[in-house]
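Biologist: I am new to this structure. Please take me through one part in detail: the nonpolar core and the strands around that topic.

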Amino acid sequence: MTQVFPRTDKSIVADDGDALHFCSTCAFSRACLDEGMDKSALMDLHVLVEHVGPFHAGEHVFREGDPFDAIAAVRAGTVKTYVIDRDGREHVLGFHLPGEVIGLNAIDGDHYPCNAVALDTVMLCRFSFPKIAVLATRVPGLQRQLFRLLSRDIGRAALLAGDWSADQRLAAFLIGLSRRLAARGFSPNRFQLTMARTDIANYLRLAPETVSRVLKRFQADGLLKVDRRELELAGRPALEALAAPVLRD
C-alpha cells in the first residue's frame with residue numbers, strides 16, 4: 001500500500017544510501033546518475049552533505065537576514081517559507097516537501113531573504129553552496145539540476161499571479177501537492193495537510209473563510225473526502241479540470 005504523507009518510515013530518515021547509492025530523497029542524485037556517476041565516483045558531493053535535524057514544528061531552519069552559505073534539501077517533513085512585512089503581517093511564500101530544496105532564493109545575495117520554519121518533524125540535507133557551485137561547473141548535469149530547481153521555484157511563484165477563482169486556486173494547490181507527493185512515492189490521492197488552513201489561504205491569497213467554504217463545497221460535491229487534516233481526492237478528474245488553467249496543463 002502506498003504511504004500516506006507525512007508518515008515516514010524511520011528507514012527513510014536514517015537512509016544514507018550505501019557505497020554506491022545516494023539516499024532515497026537526495027535532490028541531486030538523479031542529476032549525478034544521469035552523468036553516469038554513482039556515489040563512489042562523486043565523493044566530492046557526498047562530503048559536502050551534512051544531515052541536520054530533527055527540527056520540530058515551529059523551529060526555524062533559518063531566518064531572514066541570516067548569512068547565506070548553504071542550500072538544503074528536505075529529507076522528511078514540510079518546511080514553510082515566509083516573510084513579514086513592515087506592518088507585521090505574514091506572507092507565505094511556499095511549502096517545501098521531501099526532495100525539494102530551500103534557500104535557492106538567497107543565491108543572489110549574501111543573506112537569506114525569507115524565513116523557513118518546520119511545520120512538523122523535519123530532516124534536512126545541507127549543501128555548502130560555494131562548494132556545490134564549483135562542483136556544478138565540473139558536472140553539467142548538476143548545473144542543469146540547479147537551474148531546473150530555480151526554474152521550478154519561479155514557476156510556482158508565478159502560477160498564482162493570474163486572475164483565478166478561489167475554486168481554481170484551491171484545486172491547483174491540491175493537485176500540485178498531489179503530484180509533488182506522488183513523485184516522491186507517496187499516495188497521490190490520500191495525504192495529510194501539514195500546513196494550517198490559514199497558511200494555505202495566505203499562500204493562495206484568499207481569505208481563510210473562503211478556503212473553508214470551498215473545501216466544504218468540494219466535499220459536498222464529492223470531489224474531496226475530509227477527515228480532520230487528512231484528505232482524499234475522491235473526484236480527481238473534476239479537480240484536475242479546475243486546476244488545468246492554473247497549472248497550464
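Modeller: A nonpolar core here is a set of buried Ala, Val, Leu, Ile, Met, Phe, Trp, Tyr and Cys residues joined through side-chain atoms within 4.5 Å. Buried means under 20% relative accessible area. Keep in mind that this is a predicted model.

Start with the core. The largest one has 36 residues. L170, F173, F191, L193, L204, F218 and L239 have the most contacts inside it. Both helices and strands supply this core. Two or more residues come from each of β6 (90-96), α6 (166-182), β10 (186-192), α7 (197-204), α8 (208-220), β12 (230-233) and α9 (236-247). The top contributor is α6, which gives 9 residues.

Now zoom in on F173. Leaving aside residues up to four places away in sequence, F173 touches F95, L193, M195, I200, Y203 and L204. Two of these partners, L193 and L204, are also on the list of residues with the most contacts inside the core. Apart from this core lies another, of 31 residues. Its members include A72, I102, Y112 and A136.

Next, the strands. β10 and β12, which each give two or more residues to the largest core, also belong to an open sheet of 4 strands. The order is β1-β10-β12-β11, and the pairing is mixed. At the edges are β1 (3-5) and β11 (224-227), each pairing on one side only. From one strand to the next, the twist averages 35 degrees. β10 and β12 run antiparallel, joined by 3 bridges. One bridge pair is Q192 with E230, the latter in β12.

Key: Residues numbered from 1 in each chain as written. Predicted model: local features only at pLDDT ≥ 70, side-chain atom pairs only at ≥ 80, totals over all residues. Heavy atoms only, no water. Buried < 20%, exposed > 50% of the residue type's maximum accessible area, 1.4 Å probe, protein only. Contact = heavy atoms within 4.5 Å. Pairing = 2+ DSSP bridges. Axes fitted to C-alpha atoms, helices over the stretch in contact; angles between N-to-C directions.
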